[in-house]
Amino acid sequence: KGLKHKEVQVDREHHDKHWRGEHWGKGGTIAQSRARHQQEQGVASAIALASTLYSAAGNLRSRARGLHIIWRLPLASYYLREAVNLCNWARRTSRAGLTADQLDVSASVFRAWAKVPLMVCQRHKYLDRAEGCIRQALEMDPEPGSRLLLLTSLLQLRDDSSRWVACITY
């Protein structure tokens, strides 16, 4: 849509920080995504923030060793809960519906939240939401690469909830 050069540069820097795991601090990806969402207040910015929080939570979980486990796991759970709230909000408020990519992000967030130990009672609820997002995205007839990733996500749900039979229909 004809983005200005400066906006493209900012998006590139955000992307690079995201992949390097630079999520914290004033210049981190979380602060950038929060500022963007506060400015835009839209579904796209909400899903982008949810994706950033999901990545930050994964980064914290992977580094939780020794004494760091005391603060990293609760913070990861907090970020995931915030990402779940954003995805739920986006699903409720989007008039045109979410795109296949946004549904894929939502499915990943719901699946990760279902794995949080304190969520045992509601595990299947969030796995069902994840499956619903994946199926809805598959119905949009995404391009082959995206379709393969969505089918892989659907197969991963099998490990989480013994739902492998559902994959046969695709």
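**View 1. The largest nonpolar core of this predicted model, with its best-connected residues**. The core has 38 residues, and L53, Y79, F110 and I134 are the ones that touch the most other members. A nonpolar core here is a set of buried Ala, Val, Leu, Ile, Met, Phe, Trp, Tyr and Cys residues joined through side-chain atoms within 4.5 Å. Buried means under 20% relative accessible area, exposed means over 50%, and partly exposed covers what sits in between (1.4 Å probe, protein chains only). Elements giving two or more residues to this core are α3 (43-62), α4 (69-93), α5, α6 and α7 (144-161). The top contributor is α3, with nine residues. As a general note, nonpolar side chains in soluble globular proteins tend to be buried together.

A quick word on conventions: residues are numbered from 1 along each chain as its sequence is written. Since the model is predicted, local features need pLDDT of at least 70 and side-chain atom pairs count only at pLDDT 80 or more, while totals for chains, interfaces and linings use all residues; side-chain values use heavy atoms, with hydrogens and water left out.

**View 2. The whole protein chain, for orientation**. What is the chain built from: how many helices, how many strands? There are seven helices and zero strands, and along the sequence the pattern reads α-α-α-α-α-α-α. Helices (H or I, at least four residues) and strands (E, at least two) are DSSP runs, numbered from the N terminus. Of the 170 residues in the protein chain, 41% are buried. Take the contacts (heavy atoms within 4.5 Å) between residues at least 6 apart in sequence: 55% of them join residues at least 24 apart.

**View 3. Helix α5 against helix α6**. Here α5 (residues 100-114) packs on α6 (residues 123-139) at an angle of about 165°, and the axes are 8 Å apart. That angle makes α5 roughly antiparallel to α6. The axes are lines fitted to C-alpha atoms, for helices over the stretch in contact, and angles run from 0 to 180 degrees between N-to-C directions. On that scale, under 35 degrees counts as roughly parallel, over 145 as roughly antiparallel, 65 to 115 as roughly perpendicular, and the rest as oblique. The crossing of α5 past α6 is left-handed, a label used if the near helix is turned anticlockwise from the far one by less than a right angle (clockwise would be right-handed). Look for A100, L103, S106, A107, F110, R111, W113 and A114 on the α5 side, and for R123, Y126, L127, R129, A130, C133, I134, Q136 and A137 on the α6 side. By class, this contact has 12 nonpolar, two polar and three charged residues. Ala, Val, Leu, Ile, Met, Phe, Trp, Tyr, Cys and Pro count as nonpolar, Asp, Glu, Lys and Arg as charged, and the others, Gly among them, as polar.

**View 4. Zooming in on I134**. Which residues does I134 touch once its neighbours within four places in sequence are set aside? They are A107, L150, S153, L154 and L157.

**View 5. The loop between α6 and α7, home to D141 and P142**. D141 has a positive phi, near 55°, in a residue other than glycine. With a relative accessible area of 62%, D141 is exposed, whereas P142 counts as buried at 12% relative accessibility. P142 and A100 are 42 residues apart along the chain, yet their C-alpha atoms are separated by 7.0 Å. Leaving out neighbours within four places in sequence, P142 is in contact with A137, R147 and L150.

**View 6. Helix α2 against helix α3, and the loop that joins them**. The axes of α2 (residues 29-40) and α3 come within 9 Å and cross at roughly 160°, so the two are roughly antiparallel to each other. Their crossing is left-handed. T29, I30, S33, R34, R36, H37 and E40 of α2 meet S45, A46, A48, L49, T52, L53 and A56 of α3. This contact breaks down into six nonpolar, five polar and three charged residues. In the loop between α2 and α3 sits Q41, a non-glycine residue with a positive phi of about 55°. Q41 is partly exposed, with a relative accessible area of 48%.

**View 7. I30 in helix α2**. Is I30 buried or exposed? Buried, at 6% relative accessibility. I30 and L53 are 23 residues apart in sequence and 6.7 Å apart in space, C-alpha to C-alpha. Not counting residues up to four places away in sequence, I30 touches H23, W24, L49, T52, L53, A56 and Y79.
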